[in-house]
Structures are given as C-alpha cells and as structure tokens.
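Please open the model in your viewer and keep the sequence panel beside it, since each stop on this tour begins with a selection.

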Amino acid sequence: MASLGKRVLVAEDSPVTQDLLELVLTQRGHHVDIAKDGEAAFAALSSQPYDIALLDYRLPKLSGLEVALKLRATKGSKSDLRIIAITADSESLQAQENASKAFERIISKPFDINEILSVVESDPEEMDQPEAGADANRPDQRIVSPDLRGAKSPVERLDYTFLRWPADFNARVIADQAKRAASGELIIDAVLIETQTSAEKLSSLWLHRALHLLPVIDLTGSIAQRADLDVSKLKFGETAAVQQLIQSFHQRRDQIHRDISFTRDMGEKLLGRMFVTEAGLQAFHDPNEKSLVSYNTLLGNKTIAGEAGSLCDRGLLEQDIFDRVHVCGHCGGSRFNVREECSKCRSPDLTEDSYLHHFKCAYQGPESDFREGDDLICPKCRKELAHFSVDYDKPGTFMVCGKCSSATTDPAVGFVCLDCATHSDGESISTSDIHSYFLTDQGRALVEIGRGLLGPAQQSIRFSELPLEFVVALNREAKRFNEHEIPFAVAEIIYRNEKDLVREIGYRQFALARRLFLDNLRNQLGKEDVVKMGQAYDFALLTQTGQNEARTSLNDLQASAADTLQYDLGVSINVFGPRDFA
C-alpha cells in the first residue's frame with residue numbers, strides 16, 4: 001500500500017513546470033522541494049532524505065542523468081530513493097548507456113499529470129502490479145461496503161460508510177474522497193479506527209479538503225481523547241452515541257460555507273473543525289507527548305499553537321488557560337524529574353537531619369553530633385539528654401549533601417529532562433502557558449458566511465485555490481507580462497446566495513445553475529480568455545486586458561450571463577492584476 005505524504009524533490013528549470021508539479025503534488029499531501037539546476041538537486045538529495053526525485057534530463061550545470069549516476073555511486077544499491085526522469089527528449093536519454101541503471105522510469109514531456117501522480121504515489125513493487133481484483137480506472141475500488149467486509153463490532157453493522165484505518169488509507173482512496181467532497185458527493189460518514197495507531201499517522205486527513213470535517217471513531221482506544229468517540233469505553237452493543245455523533249457532524253457540516261469546507265488554509269480548517277465538533281479545541285494532559293499536552297484533534301501541537309495564536313490575534317478564537325508547564329531549554333520537552341538537590345553541587349544525594357537544642361547549656365547542633373550509640377550526649381557539656389521537651393527539643397531540620405557535605409535548611413529544586421537528560425535549575429527554567437481555544441462570534445460567522453465577512457482587504461486571491469489548468473495559463477500570461485508588459489486580469493467569481501440556494505433547491509441544482517452561468521460568461525469572452533470552475537469560487541483569465549478595463553467589462557458581462565438563469569446566484573466578482581501575483 002502506498003503511503004501518504006511523501007518527500008519529493010522536483011529538479012526542473014522551467015518555472016511553469018515547477019509551479020504545476022509543486023501545486024498538484026502539494027494538493028495531494030506531499031512535501032515538495034524545488035531545485036533549479038543539477039548541482040542544487042545533487043546537493044539536496046545528498047544531504048536530505050527524500051522518497052522520490054523527479055529529474056529533468058536537460059538540467060543546467062549537471063544533467064539529470066549525471067545527478068542520478070552520482071547519487072547511485074554515493075548512495076549504493078540499497079538506497080530507498082526512487083529516481084524518475086522527466087524529459088522532452090526521451091529517445092536521446094534512452095540511448096544513453098547508463099540510463100536504465102540511473103532511472104527507475106522515464107516520463108516523456110509533455111507529461112500526463114495523472115502518470116506523475118501514479119508514479120509518486122505507488123511503491124516500486126506496485127508500479128506494474130495492480131491489486132488483485134482492483135480496477136485501475138476505479139480509484140474508489142478499495143472502499144467496500146461494511147456488509148462485504150464482515151463486521152467486527154456493532155458499530156460496523158450500522159448503515160454508514162466508513163473510511164477505515166488502515167485498509168482505506170492509501171493516496172488514491174483519500175484523494176478520490178476529497179474530490180467527491182468538493183463536488184458535493186462525499187459518501188463517507190466517519191473515519192473508523194480498526195487497529196491500534198497514533199494520531200500522527202492519521203493527520204494526513206488534514207492535508208485534503210473536507211476530510212478533516214469527518215468524525216473520528218476509535219474502536220481500539222489507542223488515540224482516546226484525540227478521537228471524537230472512543231468506542232472501547234462503551235458497553236458492547238451500545239451504538240446510540242455513534243449515531244448521534246455522525247448525525248451531529250452531518251448537520252453541522254451543512255451549515256459551513258464552502259469557503260471553509262474546501263479551504264487549504266490550515267487556520268480556516270481548524271475553525272471548521274471546531275465548528276462541527278461544538279467542543280472547542282480542548283487541551284488535556286498526555287504523558288506520551290513531550291509537551292505533556294495534546295488536543296482533541298489529530299492535528300499536531302506545533303501546528304495548533306501557530307494557527308490558534310494567529311486566529312486569536314484576528315479575533316476569531318478566544319483562549320482559556322489550561323495549565324502552565326516547565327520547558328526544557330534544550331529539546332523543548334516538558335517531561336521532567338523534579339527533585340530536591342544540593343544548592344552547591346546539584347547532587348540529589350541529600351540526607352535529612354534534625355537540629356537539637358540542649359536547654360541547660362544552650363548548645364544547638366545536628367543530631368549526629370549528639371548521637372553516641374543509642375544515647376544523646378551534648379558535645380559541649382557532656383550531659384546526657386534523656387527527656388525530650390525537658391532536656392532538649394528539636395527546633396528544625398536541615399539537609400546534608402552526601403557528595404560535598406554542605407548543609408542547608410533550604411535545598412534547591414532541580415529539573416532533569418526525561419527526554420534529553422538536560423539539567424535545569426528551578427530558578428532559571430522557563431515556563432509556557434497551555435491554552436484551550438473556543439470560537440468567538442466572529443469566528444462562527446466566518447465559518448457560516450465565508451470570507452465575504454472579512455471585507456475586500458482580506459480577500460486576496462489564493463494561488464493554491466486556482467485550478468491546475470488555470471495555473472498553467474496564468475504562468476503563461478505572467479511570463480508575457482514580465483517580458484513584453486502585455487496586461488492580463490484574473491477574475492474571482494463568488495456566489496453569495498449559494499448557501500440559501502443549496503438549502504432551498506439542493507446542491508445539484510445550484511451546481512447546474514453555476515455551470516450555466518460560466519458557460520454564458522465563457523461564450524461572451526474572447527477565444528484566448530480562460531474560464532475555469534474552482535472549489536468554492538470560479539475564475540476567469542482575461543488576456544491582453546488591463547485590470548480596470550476587465551472590471552468594467554465584467555460588470556456588463558456578469559449581468560448578461562445571469563439573464564437566462566432561473567435562480568439569482570448573487571454573483572460578485574473581484575478583479576486582480578499582474579501586480580497581485582508578484
């Protein structure tokens with residue numbers, strides 16, 4: 001089974017190809033780095049761990065073939081790195097004597113992006129061997145109804161469709177469900193954890209659109225409070241809680257604006273997730289985490305801290321302190337052995353002793369100075385101390401260090417990190433406040449109304465939300481502008497009545513009206529202009545047209561394109577020029 005989130009190096013000198021590969025691979029949940037020439041590619045691949053390298057054959061400085069051969073020579077045959085060639089001159093590359101040794105596969109330009117995805121997301125042994133019984137043209141083949149699998153628990157016998165861990169967690173299935181969600185056809189009701197795992201292995205759901213909004217049901221108890229429901233704590237056969245959870249998530253998801261449902265912005269994803277759970281982002285103590293704290297979600301603590309802090313600054317979240325923890329200055333962990341230790345040498349070898357006060361001669365000293373066998377004899381006057389409170393008392397205690405013999409009534413407090421063994425003084429160790437987070441009224445409004453709530457100043461177009469074909473066309477126009485100052489404009493088309501229409505006539509009817517509007521608009525624009533449907537918004541690229549001219553033209557075209565529609569889509573258009581993409 002292919003794993004999600006692979007590390008990919010793209011070595012390519014064409015900016016258009018760089019942008020295209022980076023965009024599509026990132027959208028599929030992979031981490032992508034770019035190298036613009038062969039020397040940079042070799043340096044990156046030599047110093048960092050990658051799963052796969054996509055090398056252009058005709059790279060500057062070092063060719064892709066030279067890079068591959070040097071890597072094979074240095075890393076040896078046992079390396080897990082997969083090296084794929086991409087070239088417009090495949091015949092010339094194949095004629096090279098060492099090409100078959102250097103590359104696992106050669107992909108010809110212009111390439112099919114689906115072929116690239118298939119290569120990246122397949123393990124080597126899967127390249128030419130589809131799974132038994134699987135149809136290569138059916139990416140959802142692995143999603144089987146519960147009845148065919150043989151239910152293992154009462155939860156699995158419910159009339160719901162689950163995305164199961166680990167059976168369904170491969171790149172093709174996950175990406176297919178994300179596409180279905182974007183088209184309003186999400187058929188998954190919940191994520192079902194069937195074998196023990198960690199939250200980190202499930203966090204890939206956050207890399208795809210809408211899937212982070214599914215409830216997570218844990219049959220194993222292995223992710224406990226990070227799941228939405230830990231079934232292992234329920235009585236056998238108790239399914240009412242499962243049904244209630246799934247229905248609640250369905251209802252809450254229907255209230256989320258498509259801006260937020262299908263966003264790629266992690267902060268907005270977090271807002272959407274908090275909205276559907278109705279529980280806020282709750283911290284809890286977790287001894288398995290270096291920070292001693294986890295949250296009721298699959299998202300990692302570092303991401304939560306960064307995104308939640310930013311959302312608080314924008315007034316979309318409010319925070320409530322959960323705890324204050326000490327933090328190791330070396331590794332950042334919060335798991336410590338907290339101990340009393342000698343203030344001079346920091347040894348924990350401390351022994352408690354008592355002070356004795358001899359009333360008759362007024363001598364005070366440690367009990368060990370008085371002790372002679374079983375008797376207490378004053379070292380000053382040599383009288384026996386026979387009766388407590390008559391001959392003597394014990395006014396206090398002190399600590400004696402077994403290493404340096406120093407004595408003190410006030411031992412120091414030291415912290416020893418259990419993760420990296422770094423010692424910190426109690427007086428100097430730093431602390432960090434841990435917070436739980438909750439949606440503000442403004443945060444809820446953004447989730448329900450969409451980015452229109454933010455105002456024009458915060459609605460700048462997001463490059464990652466543009467359709468792939470649109471990105472290619474936009475790169476072409478940007479190059480023409482940079483080289484010849486030929487203007488262009490990009491229109492972002494927003495449907496402000498979408499939510500009301502979907503509630504009134506259903507998503508399919510709304511989608512048909514939306515497509516008809518785009519067809520009408522496309523017919524009125526020039527032949528070189530591009531109109532593409534996106535996720536939450538649609539886009540138009542007007543070539544050889546300035547921003548102001550495009551704004552005036554589109555106002556007229558918008559009204560004309562909407563004339564034949566049965567429903568008022570509430571179309572609003574934002575227009576951007578070349579400077580907005582600098």
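Select helix α12 (residues 266-277) together with helix α15 (residues 441-449) in this predicted model, and turn the view until both axes can be followed: they come within 10 Å and cross at roughly 95 degrees. Because angles of 65 to 115 degrees are counted as roughly perpendicular, α12 and α15 are described as roughly perpendicular to each other. Now show the side chains at the crossing, where α12 contributes Leu271, Gly272 and Phe275, while α15 brings Leu446, Val447 and Glu448 to the contact. Coloured by residue class, the residues of this contact divide into four nonpolar, one polar and one charged.

Next, select the open sheet of four strands, which has the order β24-β25-β23-β26 with antiparallel pairing. The edge strands are β24 (530-533) and β26 (571-576), each of which pairs on one side only. Looking across the sheet, you can follow a twist that averages 20 degrees from one strand to the next. Helix α19 (residues 547-562) should then be added to the selection, as this helix packs on the sheet and touches β23, β25 (538-543) and β26; the direction of α19 makes about 165 degrees with that of β26.

Stay with the sheet and restrict the display to strand β23 (residues 488-495) and β26, which pair in the antiparallel sense over six bridges. Which residue of β26 stands opposite isoleucine 493? Labelling the pair shows that the partner is isoleucine 573.

Move on to serine 424, which has its place in strand β21 (residues 423-425). Is serine 424 buried or exposed? Its relative accessibility is 11%, and since buried means under 20%, serine 424 counts as buried. To see its surroundings, display Gly414, Phe415 and Ile429, the residues that serine 424 touches when those up to four places away in sequence are not counted.

Finally, colour the whole chain by pLDDT, for which the mean is 83, with 87% of the residues reaching 70 or more. Two stretches deserve a separate selection. Over residues 125-151 the pLDDT is below 50, and this stretch has 40 contacts in the model beyond near neighbours in sequence. Over residues 455-459 the pLDDT likewise stays under 50, and here the model has eight contacts beyond four places in sequence.

Methods:
Residues are numbered from 1 along each chain as its sequence is written. This is a predicted model: local features need pLDDT of at least 70, side-chain atom pairs count only at pLDDT 80 or more; totals for chains, interfaces and linings use all residues. Side-chain values use heavy atoms; hydrogens and water are left out. Helices (H or I, at least four residues) and strands (E, at least two) are DSSP runs, numbered from the N terminus. Buried means under 20% relative accessible area, exposed over 50%, partly exposed in between (1.4 Å probe, protein chains only). Contact means heavy atoms within 4.5 Å. Axes are lines fitted to C-alpha atoms, for helices over the stretch in contact, and angles run from 0 to 180 degrees between N-to-C directions. Angles under 35 degrees count as roughly parallel, over 145 as roughly antiparallel, 65 to 115 as roughly perpendicular and the rest as oblique. Ala, Val, Leu, Ile, Met, Phe, Trp, Tyr, Cys and Pro count as nonpolar, Asp, Glu, Lys and Arg as charged, and the others, Gly among them, as polar. Two strands pair if DSSP finds at least two bridges between them. pLDDT is the predictor's confidence in each residue, from 0 to 100.
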